[in-house]
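This report describes a predicted model with several chains. Please consult the sequence and the coordinates alongside the text.

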Amino acid sequence: MARKVKGRATRRSFLMTTGAASAVAVAGCLGGEGPDDDEFVITLSQFPDTVDPIDHITGDYFDVFDHVYEPLFDVQPGEEPETRVVEDWEHGDGAVELRLRDDVQFHDGQDLTAEDVAFTLERQIDPEVGPASSQVAGLGSIEGAEAVDDSTVRFEYSGAPALAEYEFGNYARAMSREWTDDQESAESGEIVGNSADVFNGTGPYEVVDFTPDTEIVLEPFDDYWGDEPPFDRLVFNADEESSGRVAALETGESDLTINVLPEDVQTVQDTEDAEVRTVTSFRNIFCPMKNEAEPFDSREFRQAMNYAVDNAGIIDDVLSGFGEPMSQPVPPGVNGYNPDLDPYPYDPDEAASLVEESGYGGAEIELVAPQGRYLNDADVAQTVADQIDQLENVSCDVDVVDFGVVSDANSAGMDDYEIPFFMIGWGVITGDTDYGVSGFFQEGGGVQTFRDEELDQAIEESKGIDDPEEREQQLQAVNELAREKAPWIFLHLQESIYGVRQDVQWEPREDETIWAWEMSQ
Amino acid sequence: MALGKFLVKRLLQGVFVVWGVVTVMFTLRAVSPGDPANLIVGEAADPHLREQVREQYGLNEPIYVQYADYLQGIVVGDFGYSFQSGRQVEAMVIERVPATLELAIAATIIAILIAVPLGVISASRRNEPADYGATMFSLLGISTPNFWLGLMLILLLAVQLGLFPTGRRPVGLAEALTALATTGYATGLVVWLKHIILPAITLGTYFTALITRLTRSGMLDELGKPYVDATEAKGLPAALIRYKHVLRNTMIPIVTVLGLQLGTLIGGAVITETVFSWPGLGDRLIQALNARDWPLMQGIIVFIGISFVLINIVVDALYASLDPRVIDE
Amino acid sequence: MIPERLRSNLKREFDRSLLAKLGLVLLVGVLLMAVFAPIIATHDPTRTGYVDENGNEYPPRGAEYTTQIGEDGEFVEVEVEPNEEHLLGTNNIGQDVFSRFVYGARTSLLVGLLGTGLAVLMGVPFGLIAGYYGGRVDDVMMRIADVMLAFPSLVLALALIGVFGTSGIGVPDPIVMAGLADGMPESTAIPGTVTIVVALVTWVWFARVARGEAMSVRTEEYVKAARSIGASDWTILRRHVLPNSLTPVIVLATIQVAAVVLLESSLSFLGFSGTTLSWGYEIQRGQDYLRTRWWIATIPGIGIVLSVIAVNLLGDWLRDALDPNIEGERG
């Protein structure tokens with residue numbers, strides 16, 4: 001079972017890797033055998049509306065596709081990457097070389113080659129390599145990929161080496177080049193279809209039945225290189241309503257369901273053989289204040305907004321306790337998180353006097369917030385706006401809109417001030433502070449909502465640091481600076497609530513990934 | 001004018017209306033803000049990729065070429081590709097039709113089963129308690145928003161009393177029937193039935209109320225006509241007259257009104273499906289709307305428009321064969 | 001202005017019909033509630049956090065227990081202090097349900113009346129022109145109307161909102177401005193887009209009715225006479241055709257207010273309203289809390305039903321008294 005892990009070997013990484021490896025070993029032994037592990041049904045909130053595994057970054061989609069198109073690494077935020085298809089890797093100058101296992105097969109019987117991995121990545125970077133993928137924006141610092149030989153892929157990488165595995169782990173998968181070329185629809189230039197034949201990965205499960213919009217049925221892939229996964233049949237379906245997902249659990253139609261609303265927790269608890277499991281997610285909810293629009297150009301004013309909002313109260317009342325207050329742009333567990341920082345306390349008096357100090361007493365502002373995107377989002381926004389409104393020298397309205405409007409405001413950058421103050425969420429899926437701050441606080445960051453030279457510089461500096469510990473310190477400084485400058489109202493981290501059959505051994509992951517091979521019954 | 005000629009004329013009008021619907025939807029899409037390429041690949045996407053996507057979806061063509069392409073596609077049943085999923089819109093529409101159809105038919109059946117007897121009783125016991133009861137019921141029925149009614153039914157019958165399941169239905173009618181035919185077990189059918197009852201009542205209530213009203217007033221009109229007295233004088237049993245002749249004459253205007261109210265039925269289905277997570281066209285329309293998936297939205301709405309026109313032509317034809325005077329109007 | 005015969009018909013029907021009286025009482029009640037919302041409401045409807053010391057929302061007065069999530073995520077029944085403050089309890093973010101109920105009437109009626117008014121302004125001239133000129137003009141205009149009728153109104157409304165988005169227009173509240181209601185919001189958001197959208201999807205019914213009337217008047221002797229003495233089309237339309245079509249338009253408008261109130265609540269329920277102070281929005285909010293806090297979704301629904309019944313009863317009264325022959329579609 002032992003796996004060779006190469007890379008930056010620190011003491012911490014050694015401990016983590018062995019820990020993780022043995023956990024997998026245990027899980028592997030428990031799964032794969034026993035007569036009871038027949039069918040397992042997972043109910044998502046959104047059924048994948050594409051069959052292309054690298055078309056969208058959407059958690060629910062990855063939950064399905066990872067089983068078919070397995071990721072190259074398993075990267076858990078805050079832990080060392082665990083190898084999967086990649087056997088080991090070496091950092092070089094501006095590039096990383098990954099060596100692939102030589103016993104990996106696609107479901108259609110072809111052997112996996114380095115060429116396939118490079119192609120899958122190129123598809124997401126180079127628009128000339130079809131079928132088009134819409135993921136081009138999200139690939140961070142990966143600049144290109146090429147096959148060195150049959151089992152070695154070289155990734156051109158411009159970011160800090162410490163980020164590389166996170167990004168590879170999130171974005172790199174393997175699709176067969178030859179097969180993909182055959183699949184590409186001549187008309188739409190995408191992979192489309194509605195049968196089991198439109199999937200071909202190297203994952204532990206293969207698709208045996210696919211009903212678009214309804215259900216996808218997987219069975220273990222006989223020639224999988226790794227351990228035989230649990231469950232003879234793995235089924236994914238979806239229900240948009242939390243109450244519906246919970247009802248499916250109640251009636252036994254489902255064995256695991258995601259995104260249970262706090263309101264439905266009781267129903268799960270009342271179900272005889274089901275229970276609720278929670279984990280604090282990496283999805284961070286906050287309100288950016290574009291600092292080139294009045295009154296948000298005043299640091300005092302922005303800080304006042306943070307003092308005016310009763311974070312802990314909102315978590316208790318609006319989220320029924322399922323949340324964690326935030327003190328900085330990134331959540332605990334993320335590399336660079338600064339443990340010495342506390343959330344802004346709720347202090348309306350301090351807020352009011354800071355507003356006076358800012359010179360914007362009597363300001364009228366409006367918070368624009370989405371509905372149905374995050375846990376009780378519109379309700380959180382109404383409470384935030386009302387608490388600000390309760391300051392005697394600020395009046396705040398709320399406008400609840402379609403998520404698209406908020407998303408547009410977010411990606412409009414610093415040139416657009418039509419909506420300077422809004423509520424949005426961001427998951428630091430790479431597990432590194434960089435992903436949580438550079439997009440928002442740096443020039444050309446894509447979703448820039450804050451312009452500040454000092455902060456920009458601090459982030460830029462962190463990118464050039466090779467030494468992990470030194471870099472971590474710099475990122476902690478970035479977080480401290482960000483708290484101080486208050487570019488956002490820091491709200492909370494969402495808690496992910498799952499409804500699960502009691503006899504399933506599985507702990508929810510912070511990154512909200514659901515992998516059946518981590519379960520056993 | 002003969003029936004055939006009348007039908008041809010109605011069909012031509014229908015084609016015009018469908019063209020109008022397509023054009024309205026195309027115009028709405030053309031004036032809607034936002035670069036479609038953003039909707040497909042996201043704002044931050046690489047310019048080359050956006051270009052490529054624009055190319056693929058034909059978004060670089062002049063607007064009249066896009067319009068001509070779209071029209072041409074509709075004629076041969078090609079509604080284009082969804083922005084979100086890249087799937088063919090017509091497939092995404094068709095696969096959702098059965099669920100909506102099941103719901104609409106179930107609602108109509110419930111409505112007719114309840115409303116016609118209720119209207120008849122109401123009319124024949126005019127100004128008695130039963131009549132007042134029926135009148136109040138129909139007043140409430142046409143005044144209650146169906147999404148609220150649906151939630152109240154869930155609250156009382158599913159949550160409090162546990163009589164019905166909540167949540168998305170696990171099987172469709174076709175699957176349930178196939179299972180019954182191949183295995184002989186009706187469990188699937190029972191599950192399907194349990195899931196459809198509340199949504200069908202929710203959607204059907206407005207029509208129940210409406211048909212009750214129409215049946216009542218229609219019956220009252222008919223009962224006042226001389227032929228009723230005449231047949232009664234011939235010694236035919238009163239009940240027979242009531243149900244055979246009077247009711248038949250009453251049904252004709254009801255059918256017409258129902259044809260006209262088809263839009264209400266479809267609109268009601270959209271919102272009922274949302275309340276009950278019913279996997280029909282309305283549910284998909286709301287998803288498409290939230291994602292600004294214009295081709296899908298367009299496809300669903302155009303499909304609804306076509307069905308609406310076709311059903312109205314059928315209703316007209318039925319009506320014309322029952323009452324030939326219509327043709328000359 | 002109103003002919004004597006009509007007035008006596010209206011009065012006779014009103015005296016005869018208990019339901020008409022009920023409708024009038026209900027409608028006046030809802031109207032008063034909407035107009036004087038800041039005075040009637042007991043709390044600022046947007047103020048959050050009205051909860052007891054344990055952080056529980058208040059159930060309506062009279063209830064003794066509420067459900068709360070316990071330590072381990074299980075629900076426990078908790079006894080609550082009898083609450084004097086909040087007549088109908090508070091919602092999931094601790095806003096006063098009664099005050100939101102009162103303010104909700106504003107949104108519903110504003111959209112209902114403004115939207116219908118706008119639809120009349122669009123539909124009636126359209127129909128009059130089509131009906132009066134007849135022939136090819138009529139053909140073209142009625143084919144346009146047919147196209148509009150092929151869209152279910154909710155579906156077309158959703159498509160239009162897909163284009164225009166939702167936006168609310170903040171209008172200062174005169175009652176609060178006059179200092180008559182302290183601590184109430186200074187402005188009310190009118191869902192602007194929704195008002196226009198409901199007019200855009202309902203005008204065609206008015207066009208149909210107006211056209212029918214215009215066609216029947218066109219051949220009347222007095223219209224021919226007016227034309228023969230050289231009255232312009234515009235004068236004839238305004239002086240003879242329009243007044244004749246008013247009765248059915250008024251009856252239809254009454255019925256359409258009910259339809260528009262329902263349409264607005266449906267749009268709000270689906271989250272496309274532009275304001276959070278609306279009965280439909282509140283029901284949508286309560287949808288997630290059916291199991292634990294039934295009152296959040298239940299109470300605003302009663303507001304919708306009562307207002308729509310009121311308008312429908314008045315519509316029935318007008319129809320019985322004036323007896324035009326018209327049809328409309330519900331939202």
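The following paragraphs treat the chains, their contact, the nonpolar cores and one lysine in turn.

**Chains B and C**

The model is predicted, and its chains B and C have distinct secondary structure contents. Chain B contains 16 helices and 0 strands, whereas chain C comes to 12 helices and 4 strands. The table sets out burial for these two chains.

| Chain | Residues | Buried |
|---|---|---|
| Chain B | 329 residues | 44% |
| Chain C | 331 residues | 54% |

Contacts between residues distant in sequence can be described for each chain. In chain B, 71% of the contacts with a separation of 6 or more are made by residues 24 or more positions apart. In chain C, among contacts between residues at least 6 apart in sequence, 76% join residues at least 24 apart. Along the principal axes, the C-alpha atoms of chain C fill a box of roughly 85 × 45 × 35 Å.

The predictor's confidence is available for chain B, where the mean pLDDT is 82 and 87% of the residues reach 70 or more. Among the elements of this chain, α8(B) has the highest mean pLDDT, at 91, and helix α16 (residues 325–328) of chain B the lowest, at 55. Where pLDDT is low, predicted coordinates should not be read in detail.

**Domains and annotated segments of chain C**

Chain C is divided into domain 1 (4–50 + 90–322) and domain 2 (53–84). The centres of the two domains, taken over C-alpha atoms, are separated by 39 Å. Contact between them involves 8 residues of domain 1 of chain C and 6 residues of domain 2 of chain C. The domain 1 side of this contact has 2 nonpolar, 5 polar and 1 charged residues.

An unreviewed UniProt entry lists several stretches of chain C as "transmembrane region", including residues 21–41 and 147–169. In the model, residues 21–41 of chain C are 90% helix and 0% strand, with the end C-alpha atoms 26 Å apart. Residues 147–169 of chain C are 65% helix and 9% strand, and their end C-alpha atoms are 31 Å apart.

**The contact between chains B and C**

Chain B contributes 42 residues to the contact and chain C contributes 35 residues. On the chain B side, the elements that give two or more residues are α1 (3–31), α7 (129–143), α8 (146–160), α13 (262–276), α14 (281–290) and α15 (294–322) of chain B. Of these, α1(B) gives the most, with 9 residues. By class, the chain B side divides into 30 nonpolar, 11 polar and 1 charged.

**Nonpolar cores**

The largest nonpolar core has 168 residues, and C:Val155, C:Ala157 and C:Phe206 touch the most other members. C:Val155 touches B:Ile266, B:Gly267, B:Val270, B:Ile301 and B:Ile304, leaving aside residues up to four places away in sequence. A second, separate core of 137 residues includes A:Ala308, A:Ala378, A:Val394 and A:Ile429.

**A:Lys485**

A:Lys485 lies in helix α15 (residues 468–485) of chain A. Why does A:Lys485 count as partly exposed? The classification follows because A:Lys485 has 17 C-beta neighbours inside 10 Å, and a residue is buried at 20 or more such neighbours and exposed at 12 or fewer. Not counting residues up to four places away in sequence, A:Lys485 touches A:Arg299, A:Asp452 and A:Leu455. A:Gln46 is 439 residues from A:Lys485 in sequence, and their C-alpha atoms are 37 Å apart in space.

Definitions and conventions
Residues are numbered from 1 along each chain as its sequence is written. Chains are lettered from A and ligands numbered from 1 in the order in which they are written. This is a predicted model: local features need pLDDT of at least 70, side-chain atom pairs count only at pLDDT 80 or more; totals for chains, interfaces and linings use all residues. Two residues are in contact if their C-beta atoms, placed from the backbone, lie within 7 Å. Ala, Val, Leu, Ile, Met, Phe, Trp, Tyr, Cys and Pro count as nonpolar, Asp, Glu, Lys and Arg as charged, and the others, Gly among them, as polar. A nonpolar core is a set of buried Ala, Val, Leu, Ile, Met, Phe, Trp, Tyr and Cys residues joined through C-beta atoms within 7 Å. UniProt positions are given in the numbering used here, feature names are shortened, and annotations may be inferred rather than shown by experiment. pLDDT is the predictor's confidence in each residue, from 0 to 100. Domain bounds come from an automatic or database domain assignment.
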